Structures are given as C-alpha cells and as structure tokens.
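Let's read this model together, one feature at a time. Ask whatever comes to mind as we go.

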Amino acid sequence: MIDADGSPRQPYSTYHQWYSNQDRNRLIAKSKEAEKIFRKTGITFAVYGHADSSEKLIPFDLIPRIISGREWRRLAQGIEQRVLALNAFLDDIYHKQEIIRAGRIPRGLIEKNDTFLPQMIGFRPPGGVYTHVVGTDIVRTGENQFYVLEDNARTPSGVSYMLENRETMMQMFPELFHQNRVRPVENYPYLLRQSLSSLAPAGCNGKPRVAVLTPGIYNSAFYEHAFLADMMGVELVQGSDLRVIDGKVKMRTTRGYEAIDVLYRRVDDNFLDPLTFRSDSALGIPGIMDVYRAGNVTIANAPGTGISDDKAIYSYMPEIIEFYTGRKPLLENVPTWRCSEPDSLKYVLEHLAELVVKEVHGSGGYGMLVGPTATKKERVVFAEKLKSRPGNYIAQPTLSLSTVPIMVKKGIAPRHVDLRPYVLVSDKVQIIPGGLTRVALKEGSLVVNSSQGGGTKDTWVLED
Amino acid sequence: MLGRTANGLYWMFRYIERTENSARLIDAGLRMSLTRSESAEDDWDGVLQSAGVRGLYDQVHEGLTSGDAIDFLLRDRANPSSVISCIEEGRNNARMVRTALTRETWEAINECWIEMKGILARRARTTDMPEIIDTIKRRTGLIRGAFHGTMLRNEIFNFSRIGTFIERADNTARILDVKYYVLLPAISAVGSSIDNVQWESILRSVSAHRSYGWVYDAELRPANIADFLIANGRMPRSLAYCYEKIVSNLAYLAREYGERHAAHETAERTLGFLRSQSIANIMDRGLHEYLEDFISQNNRLGQEISDGYRFYH
C-alpha cells in the first residue's frame, strides 16, 4: 500500500486516507463481525486429515487488495492470450497434434501423462471450448512484473470467496464503495450460467438445463458448489442423482427422470465415469462419457483439460503461447527446471536451498519443498525423494513476491499474496475484474493455500 | 426438483419440528415436577414415552431420574429425538438442500445449530433450564419466521410444510395416547387436583394451556381437551389443523404436477373423518384405539408421499 518513499501507492490513495481516519477498535470489531458473517452463512471448508475437520473458516483480512484499471488491463490481455492458447493447445493435442509434430513438445510428455485422456482424441466439444472456467494464478514481483504460477484449467475453486468477500466488505464498509469506484464482480454467477448455457449440445432444443455436479456434502468445497448452483438458479446434483437413460444424462426428480444438457462438474476426471475411468468411483455417472462423445451433454470443463495445466507442461507454456497465437507471451512464466532432464536435476539438487520444488501432479500446497524456509534435514529427505523419482518434480526459483498490508495485532504488516482471477470461455473470453487474493498469514511465508493456513481478502479493480 | 431434495426438505422440517416438540415436552415435564415433587419419576416416564424414547432411555441409563431424563432428551446423541440430534439432523438436511432455501432460512437454521451446540456442550443445570428452553423456542421460531417471510410458495414450500405437519400430527397424537387414560370418563369423573395437573400438562405439551381458556370454559374437562387437540381446526397443533395443512399442500402439488397419488386420497379421507366424528363418539369407541389407528395411518401417509414423489436419500 505504501511506496518506498512513504506515500501511498496510487490505487490505494483514497483507501489509505480512509484507513488513516479509522478508529482501530472499530476495525477490530469489524474483523470479528466478518468472521461471524462467514460462520452464519456457512462459508466453510474441510481440511482433509484433520481430526476436527468438519468445518473451518478461511481467515479473512479486511484490508482490500487494490489494483488500478491500468494495471488490470495489462493483466487481462495477458490472461486472455493465455486462455486462448490453452484451448487451442487442447484442441490440437486431441486432434492433429501439430505442436508435437513441429517438435515443440516431446510426444512422451503428452501421451505418457495421466491427465491426457485418449477418450478425448478426435472429439470436439460444443463450440470448441475445452476450458469453460479458468482460474489463472498470478504473482507480482515488481511494479510492472507479473508471473503466472499455474493455469488451473480443470475445476478451479475459490470463486465463492471472491463473491462473499465482496459481499461482506459492502455490508461492513458501504462508505468505501462510495469513495472508490470498484468494478463489480457480483454478476459472475449470471455470466457463468449464460456462458454454460451458450455451449449446450447441438441437439438441445429450448432452454438448456444446467446443473452443478458435486462430490457431496463431505467435499471440502461443497459450500462453493451449493453457492454457485443457488446463485445461478440451477440444480445441485451428485452422481447418485444421475443416470444414463436413452442416451441422455437424466436426473431423478419428483416427477421422474429429466434430462440435463450442461453439467458444470466439480468432480475430477478420474471419478467422472466408472465405466471409462476409475471403476471404484461412487461419485460418477456410469456411461456419461458415451453420452458426452455422442454430443448429448456438455461437460464443463471438458474431460482431459488437465493436460494443459499440468506442472510438467507448464514450463512449455511460452512455446505453447507463441505456437498458437504467433506472439510472445504477455505474462511471464516462472523459470522452471524439469527434474526429468539430467542437467536440470543436477542444478536443482545443488541449489535446493534457493528453490521451490513441486510435485508435477500435486495441488493445494501438499508435497512441496520451499527451500529457503526448509530445515537442512527436510532438504536432505526431500533430495532423496527427488532422486528416486525425478520425473515427478519441477523446481522454480523463489520469487521476491510483492506484499500487501494485512491487519495484525500491532497494526498493519506486509504479507505475501497471489491472485486468482476467474475467466469464462464461450464464444468470447470474459475475465471478471477482481478475483481471489490469497494471503500467507505467517510472517515471511510464501505459502498462500487455505489448507496451509492462508487467508483471503477482497480484491478491487478500480474503474480508471 | 430432485427426489433427494424433496426428501431432504421433508426431513429437514420434520426434524426442526421435532426439536421444538422435544423442548416443549421437557418444559411440560419440568413444570409437572415443580407442581408435585413426590412422583417425579412417573412424570418423566410419561415424557419419555411421549417422545417415543422410553425403551432407548433404559438402554443408556440404570434408573430414572429427572436429571438423566432431561439430559437424555436434551443433549444425548444416542437419542435420535434429543434436541441436539434433531437440530443436527435438520441442519445436515438443510445443508444438503441448501440451494432450495433462501439465504435467510439457511442462516436461521445454521445459527440455531451454532447456538445449540454452544449451550448444549455441557450437562445443563436445573437453574439454566428456563433459559435453554427459551432459546430453543426462540431459535426455532426464527427459522419458521425466515421460512414464512422469504420462501417462494412453490413445491419446495409444500414439501417443507408437509414434513412439518406430518411430524406435528404424530407428536400431538403421541402426547394424547400416552395420557389417554387420564382423559377417560371413569377415572376423571372426580376431577381431583392430580388429574388437573395431568390435564394441564397435556395442554402445556402442545403450548395450549392458555388458548384452551379462550375456546372452552376456564375449567379443564377431558372431553374438551381431547376435542381441542383432535378436532379443533383453529388450534395449530390439533390433528385436524395438521391435516388441513397437509391436504392443502398436497392439493397445490397435485395442481402443479397435474397428477394425484394415493397420498391425496389418504390425507383427504383422514381429514374428512377428523371433521365428521364427534369427540363423544371417538371416546365411546375407544380413544386409545383411535389414536393408535391415527398414528399408523399418519406413518402410512408419510410413506405414500415418499413413494408418490419419488423420495430417496
């Protein structure tokens, strides 16, 4: 919020003035009030492997993260370029594979990857859209320096926090929204429904019937699934509610079986269809892949999109973007060492203390090593894992992430953040001006995942 | 609507209703034990029977004391009808059908659950009881208020209401059935003070000890009490009132769906019977038999609704 010379950064100037006039006790009280609002609304998540895992709150910090209109426009262009490239890549990978033939990506990297689904070869989803919803994880390292950390092209979560954080801020500090011209995010559910409906299968006549597919109330993101279904005004279903009948996906209603045209699924590929993928999945719908391939239901995001946001593919993103858009990437990729390559592995092992090493298929901040903060013993243990399965890991330098202020006991203090804007793809690309800002609450920490003690804050994009 | 959602709504409201009923039964029990201290055991025996958990209680406890009975009814998770079990079940169902509820209704039940978990975390002291009973009534009242004030009058509303009234009818019938013998003419001819306490307790269990006076004489008479709880269509916990509501909500569903099920016939037949029979007639033919019939018929109706509208878990 504050520049090196002590004056507030430009997008924060109005907010800073307001903040300076606030009574601290009032802000502390507001902070508690926010927690109460989240609890009564039931905005909770489950942490796997916790004894008292039933329901936890993600800590909410009430100082917004503010992005100027100018900064946002740059980001948005970069994101759009990336998302278009992702879809072009997926279409190519499941059809002509020109990028492989051009020698830009090794064939083995695609075809031996678990996230690559042979069932998708030769199939083109309605509108040619593979990734209906994308959440691009971005970090900032300097005034004009942004890096993309991950593309999240499968089933990005967290959008309910973007919406609820805004709702809570507006409830608690309405005056701030008079003083600052903050671009709205509230229409996201409406845009999502519109976007999903527009990609209904060709055979669907009349108003498309949309449903959100959840693994169920014990899933960590169940709140979000219910919230999105509610806000869109569509059914929330689980696998046991659905059945394939007469070549359609149908749900068991109080009137009998009724067809669904578009399924916004929040269930992983592996669990989607026990007849095609994991046969022990109780969350899926037997036979849905046949219906899908026959063009009688739209699945969003399409199965097999994992190949585009896989950590092993990530390091090729600059090539991928150039290959399909003919232009240099507008947003940078974090330099990445692929441990599968002997030279890189050697370098990584020699520089473990400076690097972040991640599992290629991991998510949620599990199974990673943050070199600079790890103990010597942790590094030694990790080095062994690395040597035994090098292909399973990539390594990146620790970036000097930008910080934003959060409220702490003694006032305000800087903490590292990332940003996940949400992108909807249909016949157009729509980027919601805002997103989820995750913040590492521990001093000096770089891990922002909610499962690892991260918090969130409202994200403002200013109208300017 | 998903059959699972309809089922979830139906049970959510049955459990919320049962939460309140359990609290009311405890309240009546407490009141009785204040009035006559020497036979507290008998009183709690009746209360546990009315809640349908007398046998279950014996599996958990050695003897019958008012402290254990209250704890069992209030916060024992081994008792599926305890206040804490009911509110947890109600809230779980609500969470599952979250998308069918308005934000206000969801928040009302979620907050009710949060507060109940807090106040029922430890065994309650007798001195805390009035406060606890009050909180339960207020919280469930808030759920009802949010529900009535904000929900669209559609099938969601109808399934919820049907759940409420099937549960309530069951509850009222049970209360009467456990105490039917104190309403029998042979025993109650004298109208001793013991009988008066019993009669008042019945009315108190359905929160009708004041309204009774507005409708009948100030004096408690068994036939009037039975009439009030069975046939009076203005009394919100009477069997007749419950069935009027069930019939009208089923009728909305029939209109919307364009089809009728066995449940429609059953509910209408029962309501017709409740309206046409005089209390004298019912008592002549046997109050206990009448209530037993009613309870099993009410269960059957629940099953017919579940079948007709394809409920599932």
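**Reading the model, feature by feature**

A:N301 sits in the loop between β11 (298-300) and α12 (306-309) of chain A; helices (H or I, at least four residues) and strands (E, at least two) are DSSP runs, numbered from the N terminus. This is a predicted model, where local features need pLDDT of at least 70, side-chain atom pairs count only at pLDDT 80 or more, and totals for chains, interfaces and linings use all residues. Residues are numbered from 1 along each chain as its sequence is written, while chains are lettered from A and ligands numbered from 1 in the order in which they are written.

Q: What kind of peptide bond joins A:A300 and A:N301?

A: Most residues other than glycine have a negative phi, and most peptide bonds are trans. Here, A:A300 and A:N301 are joined by a cis peptide bond, with omega about -10°.

Q: Okay, and what is the phi of A:Q97?

A: A:Q97 isn't a glycine, yet its phi is positive, about 55°. You'll find A:Q97 in the loop between α3 (69-93) and α4 (98-101) of chain A.

Q: Why does A:Q97 count as partly exposed?

A: A residue is buried if 20 or more other C-beta atoms lie within 10 Å of its own, exposed if 12 or fewer, and partly exposed in between, with C-beta atoms placed from the backbone. A:Q97 is partly exposed because it has 15 other C-beta atoms within 10 Å.

Q: What about B:R310, where is that found?

A: Look at the segment after α17 (287-308) of chain B. B:R310 has a positive phi near 55° and is not a glycine. B:R310 is partly exposed, since it has 18 C-beta neighbours inside 10 Å.

Q: How many residues does each chain give to the contact between chain A and chain B?

A: Two residues are in contact if their C-beta atoms, placed from the backbone, lie within 7 Å. Chain A gives 18 residues and chain B gives 18. On the chain A side, the elements giving two or more residues are α2 (24-41), α9 (222-232), β6 (235-237) and β8 (248-253).

Q: And how is chain B divided?

A: Domain bounds come from an automatic or database domain assignment. Chain B has domain 1 (1-150) and domain 2 (153-313), and their C-alpha centres lie 20 Å apart. Their contact takes 27 residues from domain 1 of chain B and 26 from domain 2 of chain B.

Q: Which element gives the most to the domain 1 side?

A: That's α1(B), with 20 residues.
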